[in-house]
Amino acid sequence: MTDFQAVVLGFVQGATEWLPISSTAHLRIVPALLGWGDPGAMFTAVIQWGTFFAALVYFRKDILQILFRGRLTGRDDDRPEAGRHLLLPVVVGTIPVVIAGVLLKKHIEGPWRSFYVIGASFIAFGLLLGLAEKRHVAKRQLGSVTLADGLAVGIGQAFALIPGASRSGTTITAALFQGLERATAARFSFLLSLPAVFAAGAKELYDAIKEDKKAEAAHLAAGQAVAASQHLVQARPLIIATIVAFVVGLASIDWLMRFLKEHPTYVFIVYRLVVGTAILALAAAGLMK
């Protein structure tokens, strides 16, 4: 992988991870369209940590408030305070995706990676987000979040296991159905998503490292030594892409939070419908395999 490819894929990961348009789908689509091939599980798992740490940095005060005393001094923005009361909704909201991930593992890693599934998922969950927007009236703030809200958003997160659904998209959709104000819906959905994003990234990284060690052992058994320089060459694009994903991810979160304070999500809905239709058309024409 070249440095340019690493920059592009890092940008794609950072720009799409926290927007309701599915980073998983874009990391499948972009390399396929450009003829670059699959970047691999190891690469995808590592660069996800870039966007994970971007969310940790952006929501650091919220996280500290949830984990410790509930309120911290010295805030430099006008967002309502997060509180310790969010801890239980976040914990409960993480359970559905864990259960679904275990039960549906074979489907997630197998037939659901089809471009037909991704395209249909793009369209279906885009329409569902549109329905949530149409029915959205109430403007509840973060202080009103309940255990039921956590469970509802957590169930929404479980649907994000379908490639193309988008973790951000499904959780924000569920939060809108619960009557949360748009920026609050995004903020709570991101906070609830962090444990699952961390666990998924850690598992994917562990599995990728395990497979890499198996491949290296096979090379050694065949008398083909793996040079240290080869590992350094492989590490360079990983480092570049992860840094780009972090920087772009941080900017993406900030932009989305500001955007949702003044605007609905219709631009993302239209994008999902257009891209989903294009994916199905390209897959049917045999242009994406």
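**Exercise 1.** In this predicted model, determine whether F53 is buried, partly exposed or exposed, and characterise the ring pair that F53 forms with W49.

*Solution.*
1. The relative accessibility of F53 is 41%. Buried requires under 20% and exposed over 50%, so F53 counts as partly exposed.
2. W49 has a relative accessibility of 17% and therefore counts as buried.
3. A pair of aromatic rings is described by the distance of the centres and the angle of the planes. For W49 and F53 these values are 5.9 Å and 35 degrees, and the pair is tilted.
4. Both residues belong to helix 3 (residues 41–58); because they are 4 residues apart, about one helical turn separates them.

**Exercise 2.** Classify the pair formed by W255 and F268, and locate each partner in the chain.

*Solution.*
1. The centres of W255 and F268 lie 6.1 Å apart, with 85 degrees between the planes. An angle over 60 degrees counts as edge-to-face, and this pair is accordingly edge-to-face.
2. W255 lies in helix 11 (residues 228–262) and F268 in helix 12 (residues 266–284). The two residues are 13 residues apart, and the pair links distant parts of the chain.
3. W255 is partly exposed at 43% relative accessibility, whereas F268 is buried at 6%.

**Exercise 3.** Identify which charged ends sit over the rings of F115 and F122.

*Solution.*
1. Over the ring of F115 sits the charged end of R28, 4.6 Å from the ring centre.
2. For F122, the residue is R272, whose charged end sits over the ring at 4.9 Å from its centre.

Note on methods. Residues numbered from 1 in each chain as written. Predicted model: local features only at pLDDT ≥ 70, side-chain atom pairs only at ≥ 80, totals over all residues. Heavy atoms only, no water. Phe/Tyr/Trp six-rings, centres within 6.5 Å; stacked < 30°, edge-to-face > 60°. Buried < 20%, exposed > 50% of the residue type's maximum accessible area, 1.4 Å probe, protein only. Lys NZ or Arg CZ within 6 Å of the ring centre and 35° of its normal.
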